[in-house]
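Thank you all for coming; I would like to walk through one model this morning, taking a few of the helix packings together with the domain contact and the ligand shell. Please have the sequence and the structure open while I talk.

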Amino acid sequence: MELRQFGPDDLDDVRGRVEILNAASAVDSPWDHPATESDERGFLRFGWDKEPMLAFVAVEDGKAVGLGEYSTSEWDNKHLAWLGVVVAPEHRRRGYGTQILEALVERARGEGRSSVGIDAWESETAIAFATKHGFERKSQAINRRQTLADIDWTTVERDREQAAAATAAYELVRRTGLTPDDELSALAGLTAAINDAPTDDLDIEDEVFPPERVRDYEEAQLGRKQALFRIVARHRETGELAGHTVVAVEEERPWIGHQHDTAVSPAHRGNRLGLLLKADMMLWLRADQPQVLTVDTWNAESNDHMIGVNKALGYQILGRGLQFQRDL
Ligand SMILES: CC(C)(COP(=O)(O)OP(=O)(O)OC[C@H]1O[C@@H](n2cnc3c(N)ncnc32)[C@H](O)[C@@H]1OP(=O)(O)O)[C@@H](O)C(=O)NCCC(=O)NCCS
């Protein structure tokens, strides 16, 4: 088996990647939106915030049988490489997953990393594979979807009214696209509040968010053809940014929305700003992007506050993701 690195302009390999991702998803996570060539190309080019992963295809006898992914950051967590291994369903249990994983772990060792992580949809297969390779289960997260046609909008409007009454000290500012330059530093400070979301037993450091990284994230998403909708709560008296929430809407499939960060800074917590921001986002999307049918979100299963808000807003569970980690 050959493990070959490829990039966004290697179109045959991108196509092969999409085929394997979709074949795997039909078995492992049938609720997932299918991968598309253009989204995968964008993701391989821009990543989440301009630190795209290295992508590999495993080839045997000229046929793509599996995928490898290798992600690191220059901003923080330099001890860590996050890995991905996917084997096409018809080629499983023949040792390909092991060969791909071992090559990625070797790469991490060669770079002097002291830890590797990997994630998977919850299944006996993934747990057995991870355990066999010395990984321990460290965290779990739930993927939920909001189907906007099923939403009881009277409740959402009432939630927003009640939360707005409790948070009269704040104004909501709606923004599309890039954050204005003069607000980027304040937004970077607020973005760091996401570090208070639980990470369970994972050996990871807080992420750092200098303004350049926040800009990189915004430009990467726009580069991937994801339209950005952000609502910021500003404290009227001090002008401080107290909270924000971001939803990305795909340009290629404009009926699909993805919830990105929602965070309230520590000094402003406990005022129902989380509910206010998210309810306002729903009402904004309904008015401005009525073609959006669903919004998907991920939360650590232990994140009671955010999950409480999401349940109140009609999110339904799709599946559980597991994060494993191993020291090198
Ligand atoms: C997990 C996955 C990558 C394994 O790929 P694979 O090529 O089938 O793995 P291997 O053949 O190298 O299996 C290695 C060992 O893992 C364990 N394992 C793999 N699949 C298993 C299953 N369905 N049930 C029980 N154990 C399993 C076994 O110990 C196996 O060794 P053995 O065959 O000698 O008993 C593949 O099932 C997959 O792509 N799943 C979806 C993506 C995913 O979950 N990736 C991350 C996993 S942490």
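Let me begin with helix 1, residues 11-28, and helix 2, which pack with their axes 9 Å apart and at an angle of about 110 degrees. At that angle helix 1 counts as roughly perpendicular to helix 2, because the range for that word runs from 65 to 115 degrees. The crossing in which helix 1 passes helix 2 is right-handed. If you look for the residues involved, helix 1 brings Val14, Arg15, Arg17 and Val18, and these meet Glu37, Glu40, Arg41 and Leu44 in helix 2. Sorted by class, the residues of this contact are 3 nonpolar and 5 charged, with no polar ones. I should say at this point that what you are looking at is a predicted model, and I ask you to keep that in mind throughout.

Helix 2 also takes us to the arrangement of the domains. The chain is divided into domain 1, covering 2-134, and domain 2, covering 144-319, and the C-alpha centres of the two domains lie 28 Å apart. To the contact between them, domain 1 contributes 21 residues and domain 2 contributes 17 residues. Which elements give two or more residues to the side of domain 1 that touches domain 2? They are helix 2, at 37-46, and strand 5, at 115-121, and it is helix 2 that gives the most, with 6 residues. On that side of domain 1 the classes come to 7 nonpolar, 8 polar and 6 charged residues.

Turning now to the ligand, there are 22 residues around it, of which Arg92, Gly97, Thr98, Ala120 and Ala128 come nearest. At least two residues of this shell are supplied by each of helix 1, strand 4 (80-87), helix 3 (96-110), strand 5 and helix 4 (124-132). Helix 1, then, which we met in its packing with helix 2, appears again in the shell around the ligand, and strand 5, which we met on the side of domain 1 that touches domain 2, does so too. Helix 4 gives the most to the shell, with 7 residues, and by class the shell has 12 nonpolar, 4 polar and 6 charged residues.

My last topic is helix 8, residues 273-288, beginning with its packing against helix 5, residues 153-166, where the axes are 9 Å apart and the angle is about 140 degrees. Helix 5 and helix 8 are therefore oblique to each other, and helix 5 passes helix 8 in a left-handed crossing. From helix 5, Val156, Asp159, Arg160, Ala163 and Ala164 meet Leu275, Leu276, Ala279, Asp280, Met282 and Leu283 in helix 8. This contact has 8 nonpolar and 3 charged residues, and no polar ones.

What, finally, of helix 8 and helix 9, residues 304-312: at roughly what angle do their axes cross? The crossing is at roughly 40 degrees, and the axes come within 10 Å, so this pair, too, is described as oblique. Helix 8 passes helix 9 in a right-handed crossing. Gly274, Leu275 and Lys278 of helix 8 make the contact with His305, Met306, Val309 and Ala312 of helix 9, and the classes here are 4 nonpolar, 2 polar and 1 charged. You may notice that Leu275 takes part in the contact with helix 5 and also in the contact with helix 9.

Notes: Residues numbered from 1 in each chain as written. Predicted model: local features only at pLDDT ≥ 70, side-chain atom pairs only at ≥ 80, totals over all residues. Domains from an automatic or database assignment. Contact = placed C-beta atoms within 7 Å. Helix = DSSP H or I, 4+ residues; strand = E, 2+ residues; numbered from the N terminus. Nonpolar A, V, L, I, M, F, W, Y, C, P; charged D, E, K, R; others polar. Axes fitted to C-alpha atoms, helices over the stretch in contact; angles between N-to-C directions. Parallel < 35°, antiparallel > 145°, perpendicular 65-115°, else oblique. Left-handed = near helix turned anticlockwise from the far one by under 90°. Near = placed C-beta within 6 Å.
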